[in-house]
Amino acid sequence: MTETSYLLQTAVPLIWPAVAVAGALIRTRHSPSRQATLETWQRWWSIVALGCGSLWMTIAFLGFPDVMATAIGFARTPFTFEIAFANLGLAVLGLRAASSSATSRERITVGLGAGMFLWGALIGHVYQWFANGDHAPGNTGGVLVSDLLVPTVMIFLAHRSHQLSSGRTRPAAAVLG
């Protein structure tokens with residue numbers, strides 16, 4: 001595998017967060033308030049980064065289990081089927097969190113639930129990397145960043161939204177000083 005091919009393959013998981021950021025930036029250019037901007041960011045992150053990203057993984061692990069097993073440096077086992085349905089659960093949660101009736105608390109819970117799976121996967125990827133020398137494109141690189149950032153950003157956005165809606169924001173001077 002060439003270096004360019006490796007870099008392209010390892011970057012695939014970053015597509016969904018990148019699309020979410022681009023979509024939210026474009027959509028919030030003329031946003032009427034900080035709360036509206038934050039709501040838009042939460043929806044884009046929930047639908048695209050978590051929802052579509054997880055749905056993509058569901059389809060990939062169900063439709064192409066041998067390819068996905070090779071991409072992460074594992075042999076094909078029932079594990080690929082289980083990962084597909086774990087990702088389907090995350091996709092459903094992401095779409096629920098994008099609902100206009102979803103509360104900040106619900107979105108934090110979705111982010112934490114996603115984090116339990118994705119952060120656990122992150123630890124597993126790092127372990128395989130160092131313990132077994134697994135440098136497969138689906139085990140290192142973009143997947144590590146995605147597994148860390150998707151739930152972290154989701155939790156941060158929901159927490160910030162809760163602060164704004166409850167009036168519990170601190171002035172910038174208090175944060176910096």
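Me: What sign does the phi of glycine 133 take, just after helix 6?

Reply: In this predicted model, glycine 133 has a positive phi of about 65°. The residue follows directly on helix 6, which covers residues 104-132.

Me: How many residues does helix 6 have, and how far does it reach from its first C-alpha to its last?

Reply: Helix 6 has 29 residues and reaches 40 Å, which is close to the 42 Å expected at 1.5 Å a residue.

Me: Where is the kink in helix 6 centred?

Reply: The kink, of about 30°, is centred on glycine 115. Glycine 115 is also among the buried residues of this helix.

Me: Which residues of helix 6 are buried, and how should such a list be read?

Reply: The general idea concerns the turn of the helix. An α-helix has 3.6 residues a turn, so residues three or four places apart point the same way. In the present case, the buried residues are Ser104, Arg107, Val110, Gly111, Ala114, Gly115, Leu118, Leu122 and His125.

Me: What covers the buried residues of helix 6?

Reply: The cover includes helix 3 (34-63), helix 5 (78-97) and helix 7 (142-166).

Me: How is the packing of helix 3 and helix 4 to be described?

Reply: Two packed helices are described by the angle between their axes and the distance between the axes. Here the axes of helix 3 and helix 4 (residues 65-72) cross at roughly 110° and come within 5 Å. Helix 3 is therefore roughly perpendicular to helix 4. Helix 3 contributes Met57, Ala60, Phe61, Leu62 and Gly63 to the contact, and helix 4 contributes Pro65, Met68 and Ile72.

Me: Is isoleucine 59 of helix 3 buried, exposed or partly exposed?

Reply: Isoleucine 59, which lies in helix 3, has a relative accessible area of 49% and is therefore partly exposed; exposed would require over 50%. Its C-alpha atom is separated by 25 Å from that of tryptophan 41, 18 residues apart along the chain.

Me: Is serine 146 in helix 7 buried or exposed?

Reply: Serine 146 belongs to helix 7. Its relative accessible area is 12%, so the residue counts as buried, the limit being under 20%. Leaving aside neighbours within four places in sequence, serine 146 is in contact with Pro13, Leu14, Pro17 and Pro151.

Me: Which residues does UniProt list for "transmembrane region"?

Reply: The unreviewed UniProt entry lists residues 6-26, 47-64, 79-98, 110-130 and 136-158. In the model, residues 79-98 are 95% helix and 0% strand, with end C-alpha atoms 29 Å apart. Residues 136-158 are 74% helix and 0% strand, and their end C-alpha atoms are 33 Å apart.

Technical notes
Residues numbered from 1 in each chain as written. Predicted model: local features only at pLDDT ≥ 70, side-chain atom pairs only at ≥ 80, totals over all residues. Heavy atoms only, no water. UniProt positions renumbered as here; feature names shortened; annotations may be inferred. Helix = DSSP H or I, 4+ residues; strand = E, 2+ residues; numbered from the N terminus. Expected span 1.5 Å × (residues − 1). Bend = angle between axes of the 7 residues up to and from the residue. Buried < 20%, exposed > 50% of the residue type's maximum accessible area, 1.4 Å probe, protein only. Contact = heavy atoms within 4.5 Å. Axes fitted to C-alpha atoms, helices over the stretch in contact; angles between N-to-C directions. Parallel < 35°, antiparallel > 145°, perpendicular 65-115°, else oblique.
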